[in-house]
Amino acid sequence: MDAPANLFSPLTLAGITLPNRIAVSPMCQYSSEDGFATDWHLVHLGSRAIGGAGLIFTEATAVSPEGRISPQDLGLWKDEHIAPLARVTGFLHAHGAYAGIQLAHAGRKASVSPPWETPRVVPPAEGGWTNVLAPSAIPFAEGFAQPHALDSEGIARIKDAFRAAALRALSAGFDVVEIHAAHGYLLQEFLSPLSNHRTDEYGGSFENRTRLLLETVETVRTVWPAHLPLFVRISSTDWTPGGWDIDQSVELARLLKARGVNLLDASSGGNIAGAKIPVGPGYQTAFSERIRRESGLATGAVGGVGGPVVGARPRPHARAARDVLDRLVHRQPLRRRLLARDDDVDPVAAAQAVVGHRQQAVGVGRQIDPDHVALLVHHMIDEPRVLMGEAVMILAPDMGGEQVVQ
Ligand SMILES: Cc1cc2nc3c(=O)[nH]c(=O)nc-3n(C[C@H](O)[C@H](O)[C@H](O)COP(=O)(O)O)c2cc1C
C-alpha cells in the first residue's frame, strides 16, 4: 500500500513530478523596468530554490504593457523578455526546483504606484498609461483609474496576449504556467457580476462571465504542452453578497478540469474594495478543500499556510513541515528583516521586503481592516516568519484523507 501523502511526498501533475508539495506563491516585486527581469528576480526567486521549495512562481507577469499593475511589474509581452527569465529558470532548475510563471493582466487595477509609494494612479509622463481595460467602465475604487470597457477586438487581443506569453514562457524554460484569474484583476473582473455589467456574450449569466477565462485557458492549452502543468488561480469568493462565490468556483473548477487545467489555486478577495475578509491562519483552505472534493480537480491551498497553521496542529508531519518552512524563510539573506516586530521602516531592508511585510499585515491590495491587522500582528509576534512576504502555497494538500492545513 502506498504511504499517505504528506508535504514531502512527490506530486505528479501532468508529466512532471515535483519533489514536494511546497510552492512559493507569486509575489509582485516591483523591480522591473519595461517588464524585464533583473538581478533582483534571480536572487529573490533563486534563494527560495536554495531553501527547498518544489515549485517557485514568479510574480504576476504581465501579458501586455497595459496589463501591468505598476510600471515596475515583470512582463512577457515581447521576445526580448525571454533571456533574463531563462537565466532565472536555469538557476531554479540547477537547484532542484521547478519554475512556474503566473501570467496576468491587471485590468482595471492597472497603472498604479508600487505600494511603498503614496497610492496613486501613475500618469503617462511617469511611465503609466491611460488604456486601463476592464469588462465594464467601473473603477475599482476611488483613487484608481477610470477603465475602458473592452470591445470584442480588445477581448480577442487579450486571449492572444496570454497565448503568446505562454509560448515565450516555454522558451524561457518554465515548467508550469498559472493563469491569474484572482484578486480583482482582468480575468476575475469578468467572472464577478459586481465588476462585469456587460450585456454581450461575455456578461450576464455564469456561462457568459466565465467565457473569457475558459477561452483563455483553451488558447493557452493549445500552445502549452500537455506534459507541462497548467494552473489557474481564482478568488474563490468576493466576500461580498451578490458577487462571485464558492458555489460558482466549484462549478468553474469542473469546467477548467475539462479543459486540461491541472490544478486550481484557491485564493480569495481583491475584486471589491472594502470587502470584509477574515484574514487569519488558513483562512482560505476550506475553499481549496471543497473545490477539490466536489470537482475532483487538484487544488493549492494558500493564505496563512506557511506559518502558524502548519506548525500549530499536532499532525504527524507538523514538525517536519515546520522545519522545511523555516528553511524556506529563515535561511536566507533577509533574515534580519524577520526579527522586526512591526512595520517600522527598516533602513537596511530593501523596499520590496518591507512591502511584503506590510502587504501581509493588511491583506493583498489596499483594503485595510483594523481587525485583520490586529489579528495578523498577533500572529507576527508569535510567528516572526510571516513578516517577510513569504507567501507559501501547499499543493494538493491531501494528507491521506486529511487536510494538512485546516
Ligand atoms: C508582497 C506580495 C506580493 C504578492 N503578489 C502576488 C501576485 O503577484 N500574484 C498573486 O496571485 N498573488 C500575490 N500575492 C498573494 C500571495 O501569492 C498569497 O496568495 C498571499 O500572500 C497569501 O498567502 P500568505 O498568507 O502566505 O502570505 C502577493 C502577496 C505578497 C505578500
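**Exercise 1. Two loop residues**

Is W239 buried or exposed, judged by its C-beta neighbours inside 10 Å? Place the residue in the chain, then compare your reasoning with A14.

*Solution.* Keep in mind that this is a predicted model.

- Step 1: Find W239 in the loop between β9 (230-235) and α7 (246-258).
- Step 2: Count its surroundings. W239 has 20 C-beta neighbours inside 10 Å, so it counts as buried.
- Step 3: Check the backbone. Phi of W239 is about 55°, a positive value although the residue is not a glycine. As background, most residues other than glycine have a negative phi.
- Step 4: Turn to A14, which sits in the loop between β1 (11-13) and β2 (16-18). Its phi is positive too, near 50°, and A14 is not a glycine either.
- Step 5: Count again. A14 has 17 C-beta neighbours inside 10 Å, and therefore counts as partly exposed.

**Exercise 2. Tracing the barrel**

In what order do the eight strands close into a barrel? Follow the pairing around β8 and β12.

*Solution.* Let's go strand by strand.

- Step 1: The order is β3-β4-β5-β8-β9-β10-β11-β12, with mixed pairing. From one strand to the next, the twist averages 25°.
- Step 2: Look at β8 (residues 176-181), which runs parallel to β9 and is joined to it by five bridges. Here V177 stands opposite L230 of β9.
- Step 3: Add the helix. α6 (residues 211-223) lies across β8 and β9, and runs at about 165° to β8.
- Step 4: Move to where the barrel closes. β3 (residues 22-24) and β12 are antiparallel, joined by three bridges, and I22 has I394 as its bridge partner in β12.
- Step 5: On β11 (residues 298-302), three bridges also lead to β12, again antiparallel. A301 stands opposite I394 there.
- Step 6: Sort the side chains of β12 (residues 392-395). V392 and I394 point one way, M393 and L395 point the other way, and all are buried. This fits a general pattern: in a regular strand the side chains alternate between the two faces of the sheet.

**Exercise 3. The nonpolar cores**

Which residues touch the most other members of the largest nonpolar core? Explore the contacts of one of them.

*Solution.* Start from the whole protein and zoom in.

- Step 1: The protein has 406 residues, of which 53% count as buried.
- Step 2: The largest nonpolar core holds 89 residues, and I56, V177 and L264 touch the most other members. Helix α3 (residues 152-171) gives the most to this core, with seven residues.
- Step 3: Take V177. Leaving aside residues up to four places away in sequence, V177 touches I101, L103, A166, A169, V220, W224 and L230.
- Step 4: Look for W239 from the opening exercise. W239 belongs to a second, separate core of five residues, which also includes I272, A275 and I277.

**Exercise 4. A helix pair**

At roughly what angle do the axes of α1 and α2 cross? Classify the pair and list its contacts.

*Solution.* In general, two packed helices are described by the angle between their axes and the distance between the axes.

- Step 1: The axes of α1 (residues 39-51) and α2 (residues 82-94) come within 9 Å and cross at roughly 15°.
- Step 2: That angle makes α1 roughly parallel to α2, because angles under 35 degrees count as roughly parallel.
- Step 3: The crossing of α1 past α2 is right-handed.
- Step 4: On α1, the contact is made by H41, L42, L45, G46 and A49. On α2, R87, V88, F91 and L92 take part.

Conventions. Residues are numbered from 1 along each chain as its sequence is written. This is a predicted model: local features need pLDDT of at least 70, side-chain atom pairs count only at pLDDT 80 or more; totals for chains, interfaces and linings use all residues. Helices (H or I, at least four residues) and strands (E, at least two) are DSSP runs, numbered from the N terminus. A residue is buried if 20 or more other C-beta atoms lie within 10 Å of its own, exposed if 12 or fewer, and partly exposed in between; C-beta atoms are placed from the backbone. Two strands pair if DSSP finds at least two bridges between them. Axes are lines fitted to C-alpha atoms, for helices over the stretch in contact, and angles run from 0 to 180 degrees between N-to-C directions. Two residues are in contact if their C-beta atoms, placed from the backbone, lie within 7 Å. A nonpolar core is a set of buried Ala, Val, Leu, Ile, Met, Phe, Trp, Tyr and Cys residues joined through C-beta atoms within 7 Å. Angles under 35 degrees count as roughly parallel, over 145 as roughly antiparallel, 65 to 115 as roughly perpendicular and the rest as oblique. A crossing is left-handed if the near helix is turned anticlockwise from the far one by less than a right angle, and right-handed if clockwise.
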